[in-house]
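Biologist: I'm new to this structure and would like a close look at one part of it. Could you walk me through a single helix and what sits around it?

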Amino acid sequence: MRHLLPYAQLVRLPNTFTAMADIFLGALATGLFLQRWYVLLCLLCASTMLYWSGMIWNDYFDLDQDRKERPGRPLASGQVSLRAAVLLASGLMVGGLLMAFLAGLRFEENKLILRWGSFAIAVALVIAIFLYDGVLKATFAGPILMGLCRSLNILLGLSVLGTSIPFWGWLI
């Protein structure tokens with residue numbers, strides 16, 4: 001169990017529930033979260049995986065700064081290897097995209113139909129994560145991108161609708 005602690009610290013495990021709250025906000029606003037519980041479950045998994053991946057990439061891109069200012073962080077201290085972190089972050093990102101893809105699968109009129117909305121939002125979220133973590137965090141655009149990540153996560157919750165997100169959803 002002790003060997004898992006650095007990984008829990010790396011993904012900032014206690015903060016995971018803030019990402020889940022975004023999904024619940026979006027899904028609750030639709031009123032369909034109970035009817036589409038399986039979609040909600042996929043979106044919760046997608047959001048969690050993308051959040052965890054983003055936290056790992058954050059530490060990866062901040063490694064030099066963390067070695068000076070936060071030497072106890074799992075990557076900076078060597079408790080988690082860079083290779084393990086990159087593999088885990090990449091796997092979580094792919095897993096998050098896969099779960100968003102699966103959230104778009106529906107059986108309608110005895111046919112399997114794919115709605116791309118959840119996946120498209122997840123792809124946009126991945127782009128925003130990399131732009132924030134890797135490029136723009138320390139610029140004036142950093143806070144805007146962080147807000148965009150949260151907004152996209154709420155939109156991911158709204159994608160439980162399975163249709164295009166209505167105007168009121170964008171206002172949330």
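Modeller: Let's take helix H3 and go through its rings, a buried acid and the core. Keep in mind that this is a predicted model.

Helix H3 covers residues 37-61. A good way in is through the aromatic rings, since a search of the whole structure turns up 8 aromatic pairs. One of them is Trp37 with Tyr38, an edge-to-face pair whose centres are 6.0 Å apart, with 85° between the planes. That angle is over 60 degrees, which is why the pair gets the edge-to-face label. Trp37 counts as exposed, because its relative accessibility is 55%, while Tyr38 is partly exposed at 34%.

Now look at another pair, Trp57 and Phe130. Here the ring centres are 5.3 Å apart and the planes meet at 50°, so this pair is tilted. The two rings come from distant parts of the chain: Trp57 belongs to H3 and Phe130 to helix H6 (residues 117-136), 73 residues apart. Trp57 has a relative accessible area of 9%, so it is buried. Phe130, with 30%, is partly exposed. Ring pairs also tie Trp57 and Phe130 into a cluster with Tyr60 and Phe61.

Next comes Asp59, which also has its place in helix H3. Is this acid buried or exposed? Its relative accessible area is 1%, so Asp59 is buried. Who keeps it company in there? If you skip the neighbours within four places in sequence, Asp59 is in contact with Leu10, Arg12, Asp66, Arg73 and Leu75.

Finally, the core. The largest nonpolar core contains 41 residues, and Leu43, Leu50 and Ile56 are those with the most contacts inside it. Several helices feed this core: helix H2 (16-30), H3, helix H5 (82-103), H6 and helix H7 (142-158) each give at least two residues. H3 provides the largest share, with 9 residues.

To see some of that packing up close, click on Ile56. Not counting residues up to four places away in sequence, Ile56 touches Leu10, Val11, Leu75, Ala85, Leu88, Ala89 and Leu92. Two of those names should ring a bell: Leu10 and Leu75 are also among the contacts of Asp59.

So, if you go back to the picture, start at the edge-to-face pair of Trp37 and Tyr38, move on to the cluster that includes Trp57 and Phe130, and then look at Ile56 and its contacts.

How values were computed
Residues are numbered from 1 along each chain as its sequence is written. This is a predicted model: local features need pLDDT of at least 70, side-chain atom pairs count only at pLDDT 80 or more; totals for chains, interfaces and linings use all residues. Side-chain values use heavy atoms; hydrogens and water are left out. Rings of Phe, Tyr and Trp (its six-membered ring) pair if their centres lie within 6.5 Å; planes under 30 degrees apart count as stacked, over 60 as edge-to-face and the rest as tilted. Buried means under 20% relative accessible area, exposed over 50%, partly exposed in between (1.4 Å probe, protein chains only). Helices (H or I, at least four residues) and strands (E, at least two) are DSSP runs, numbered from the N terminus. Contact means heavy atoms within 4.5 Å. A nonpolar core is a set of buried Ala, Val, Leu, Ile, Met, Phe, Trp, Tyr and Cys residues joined through side-chain atoms within 4.5 Å.
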